[in-house]
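Reader: Could you take me through one part of this model up close? I'd like to see how a pair of helices meets, with a bit of the surroundings for context.

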Amino acid sequence: MHPVVKYYNTIRGSFPKIAFSFAYGSAVFKQQGKPLGDMLDFILAVDDPVNWHEQNLQRNCTHYSFLRHSGARGVAAVQRWAGQVYYNTRVQMNGKLIKYGVVSTHDLCQDLQHWNTLYISGRLHKPVLILEPAPPPVISAAMSANLSMAVRTSLLMLPEMFTREELYIVIAGLSYQGDFRMIVGEDKNKVRNIVSPHVEHFNRLYHQPLNADYLSIRDHCITQDKSIQSTIHHLTQLPSTIQANLLHYAGLSSFTEEHIRNLAEDSSLSEHVHKSVKRVVARSSVTQSLKGIATAGISKSILYSSKKLQKMLTSILR
């Protein structure tokens, strides 16, 4: 049994009912050139956030910042802002430091299917440790769709030939495009450090989405079909938020058959896709970070930010 799973099983009973959960981050998947992180990160999906926070405030009131005084409805309202996740951070439980984010199952599925914020869906583009209980069928289906859309989006930004690792770096980088924290506060080599040590994890995660007739895979090399018809097919399968942004950047009014073909033939399509993803991330990352100051409290936010800045400086000076 994975040690994080073993640890999670010791704390799961301290929380109200959880529909689905996973662990992620550098304390679970070691990044290249770095020690394991000192804080375990969890996402907890719950069916009724107001009811869940009401119970959790009774059980674990000290996990919350001053926002606990707004009650469960106030906390749940804050949760809906930006990335639609409410984080309690730097919490001591059973001898370990943890951070856990609470998201509603409805908002989770919406982000997985439409990339409204790319906040949780972006985390699930990368390997994570799925915890008990297993995801309900509706979440499992949305997770599969999310991976498939990540591949299609990335293919539109890649040349005809590339390696598996190059593909995974583009996929893993989707949720960092436009994230202001990559300018101030994050390791500049973060995406490559996530992918390089865990190519086999990515291989397993993307085995099904890469088993497609528009791809030819030989060892570590991939060749994609760059025909207009294949490009059109990718465009029709993208998340609705990215499709809407593509129309904006291409100066088109609707996603009609004619406009889709115009996009597919546009020499700037790769740039339009990049900007479309960046627009989603930029909008959610700033507001989620501002929200984090309130949900964590000032002292925890300063401590957390200082550690992020230290990582950034280390990567620059290396």
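Author: Of the 318 residues in the protein chain of this predicted model, 53% count as buried. The chain exposes about 14,700 Å², and carbon and sulfur atoms supply 55% of that. Among contacts with a separation of 6 or more, 71% are between residues 24 or more positions apart. As for secondary structure, you're looking at 14 helices and eight strands.

Now for the close-up. Helix 6 covers residues 137–155 and helix 7 covers residues 164–173; they pack with their axes 9 Å apart, at an angle of about 110 degrees. Angles of 65 to 115 degrees count as roughly perpendicular, so that's the label for helix 6 against helix 7. Who does the touching? On helix 6 it's Ala150, Val151 and Ser154, and on helix 7 it's Leu167, Val170 and Ile171. Sort the residues of that contact and you get five nonpolar, one polar and no charged.

For the surroundings, have a look at strand 6, residues 161–163. It belongs to an open sheet of three strands, ordered 6-8-7, with antiparallel pairing. Strand 6 and strand 7 (215–218) are the edge strands, each pairing on one side only. Neighbouring strands in this sheet are turned by 25 degrees against each other on average, ignoring direction. Strand 7 pairs with strand 8 (residues 221–224) over four bridges, in the antiparallel sense. If you want one spot to zoom in on there, try isoleucine 217, whose bridge partner in strand 8 is isoleucine 222.

Notes
Residues are numbered from 1 along each chain as its sequence is written. This is a predicted model: local features need pLDDT of at least 70, side-chain atom pairs count only at pLDDT 80 or more; totals for chains, interfaces and linings use all residues. Side-chain values use heavy atoms; hydrogens and water are left out. Helices (H or I, at least four residues) and strands (E, at least two) are DSSP runs, numbered from the N terminus. Buried means under 20% relative accessible area, exposed over 50%, partly exposed in between (1.4 Å probe, protein chains only). Contact means heavy atoms within 4.5 Å. Accessible areas come from the Shrake-Rupley method with a 1.4 Å probe; for residues, only the protein chains shown count as cover. Axes are lines fitted to C-alpha atoms, for helices over the stretch in contact, and angles run from 0 to 180 degrees between N-to-C directions. Angles under 35 degrees count as roughly parallel, over 145 as roughly antiparallel, 65 to 115 as roughly perpendicular and the rest as oblique. Ala, Val, Leu, Ile, Met, Phe, Trp, Tyr, Cys and Pro count as nonpolar, Asp, Glu, Lys and Arg as charged, and the others, Gly among them, as polar. Two strands pair if DSSP finds at least two bridges between them.
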